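This briefing introduces a protein model to a reader who is new to structural biology. Please keep the sequence and the structure in view while reading the points below.

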Amino acid sequence: MKVIHILASVFCVIALLAVMLISSIDIAVYGDIGYFQKEYQKYDVLKNINMNEKDLLYVTEEMMSYLRGNRNDLHIKTTIDDTEQEFFNRKEIAHMEDVKILFLKGILIRKIGVMICIVAMIFLIFQNKKQFLLLSLKKGMISFIIIIAILSAIISTNFTKYFIIFHKIFFSNNLWILNPNTDRLINIVPEPFFIDTAIRIATIFFGMIVCVYIICSILLKLGIKKTGV
């Protein structure tokens, strides 16, 4: 086996996993306003911010639109305590600017990942390495399932600890440290919300990995039957 074939398969697996992970986050959080509604009801967040559900969902939709790059700012006015006012304060807006940058970078990485996957797959197919590609994808999926299981077990022992580590890795400031007495954002998405979201993302990601594994297994069996091996 040529080194270039091995490298192509490795890049393909890593790129595909990156695409699926970012897509899992997109599906779990940014693509489902109903999820936020259920979480708001589950943790009874409305009582902490004195506003109705319709207005809060409007703010949430606008916030998601901002993070996707479809809105220029987070100066969102709504009714709170029977008074029209901006939902987010300056600190929250500054933090969400960092979150937006992170999310848009994720979208860019996903686009690059898709291109890498396509190029690597086409290369291996034209090199008559379809079986090798499918086996590499299967091994990659199995390896990452094991990694997910290990990481999930570790994080579950102390979610708060690893939640803080995550923020220290991805943010260069302390704007993410919010005060429930002054910052509404922390009241609508408390720590239990992030626990539920992490589980949701992991479940979707795991499902995608399993689907890829099954598809590769089926294609390999069909190929074996076709060749009579």
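A salt bridge is a side-chain nitrogen of Lys or Arg within 4 Å of a carboxyl oxygen of Asp or Glu. By that definition, the structure holds 6 salt bridges. The model is a predicted one, and its mean pLDDT is 91. The points that follow treat the overall architecture, the salt bridges, the strands, the loops, the surface and the cysteines.

**Overall architecture and confidence**

- The protein contains 9 helices and 2 strands.
- From the beginning of the sequence to its end, these elements follow the pattern α-α-α-α-β-β-α-α-α-α-α.
- Along the principal axes, the C-alpha atoms fill a box of roughly 75 × 35 × 30 Å.
- The protein has 229 residues, of which 38% count as buried.
- A pLDDT of at least 70 is reached by 97% of the residues.
- Confidence is highest in helix α5 (residues 90-126), with a mean of 95, and lowest in helix α3 (residues 46-49), with a mean of 84.
- Where pLDDT is low, the predicted coordinates should not be read in detail.

**Salt bridges**

- One of the salt bridges joins the side chains of Arg 68 and Asp 26, with a distance of 2.6 Å from N to O. This pair links distant parts of the chain, since Arg 68 lies in the loop between α4 and β1 and Asp 26 lies in helix α1, 42 residues apart.
- Asp 26 also meets Arg 110 in a salt bridge, at 3.3 Å from N to O. Here too the pair links distant parts of the chain: Asp 26 belongs to helix α1 and Arg 110 to helix α5, 84 residues apart.
- Asp 26, Arg 68 and Arg 110 are thus linked in a network of salt bridges.
- Asp 26 counts as buried because its relative accessibility is 11%, under the cut-off of 20%. Arg 68 counts as partly exposed because its relative accessibility is 31%.
- A further salt bridge connects the side chains of Arg 71 and Glu 62, at 2.7 Å from N to O. Arg 71 has a relative accessible area of 17% and is therefore buried.

**The two strands**

- Strand β1 (residues 77-80) and strand β2 (residues 83-86) pair in the antiparallel sense over 4 bridges.
- Within this pairing, Thr 78 of β1 stands opposite Gln 85 in β2.
- In a regular strand the side chains alternate between the two faces of the sheet.
- Strand β1 shows this alternation: Thr 78 and Ile 80 point to one face and are buried, whereas Lys 77 and Thr 79 point to the other face and are not buried.
- The hairpin of β1 and β2 has 2 residues between the strands, and Asp 81 there takes a positive phi near 55°.

**Positive phi angles in loops**

- Most residues other than glycine have a negative phi.
- Asp 44 is not a glycine, yet its phi is positive, at about 50°. Asp 44 lies in the loop between α2 (33-42) and α3, and it counts as partly exposed because its relative accessibility is 39%.
- Asn 50 is likewise not a glycine and has a positive phi of about 55°. Asn 50 is found in the loop between α3 and α4 (53-67), and its relative accessibility of 45% is the reason that it counts as partly exposed.

**A nonpolar patch on the surface**

- Val 3, Leu 7, Phe 11, Leu 108, Ile 112, Met 115 and Ile 116 form a nonpolar patch on the surface, and together they have about 670 Å² of accessible area.
- Helices α1 (3-30) and α5 each supply at least two residues of the patch, and α5 gives the most, with 4 residues.
- Met 115 is located in helix α5. Met 115 counts as exposed because its relative accessibility is 51%, and the cut-off for exposed is over 50%.

**Cysteines**

- A disulfide is a covalent bond between the sulfur atoms of two cysteines. The sulfur atoms must lie within 2.5 Å of each other to be counted as a disulfide, and by this rule the count comes to 0 disulfides.
- Why does Cys 12 form no bond with Cys 117? The sulfur of Cys 117 is the closest cysteine sulfur to that of Cys 12, but at 4.5 Å it is too far away for a bond.
- Cys 216 is in no disulfide either, as its nearest cysteine sulfur, that of Cys 12, is 8.9 Å away.
- Cys 12 counts as buried because its relative accessibility is 0%, and Cys 216 is buried with a relative accessible area of 3%.

Terms used:
Residues are numbered from 1 along each chain as its sequence is written. This is a predicted model: local features need pLDDT of at least 70, side-chain atom pairs count only at pLDDT 80 or more; totals for chains, interfaces and linings use all residues. Side-chain values use heavy atoms; hydrogens and water are left out. pLDDT is the predictor's confidence in each residue, from 0 to 100. Patches are made of residues with over 30% relative accessible area and no salt bridge: like charges are joined within 9 Å, nonpolar side chains (Val, Leu, Ile, Met, Phe, Trp, Tyr) within 5 Å. Accessible areas come from the Shrake-Rupley method with a 1.4 Å probe; for residues, only the protein chains shown count as cover. Buried means under 20% relative accessible area, exposed over 50%, partly exposed in between (1.4 Å probe, protein chains only). Two strands pair if DSSP finds at least two bridges between them.
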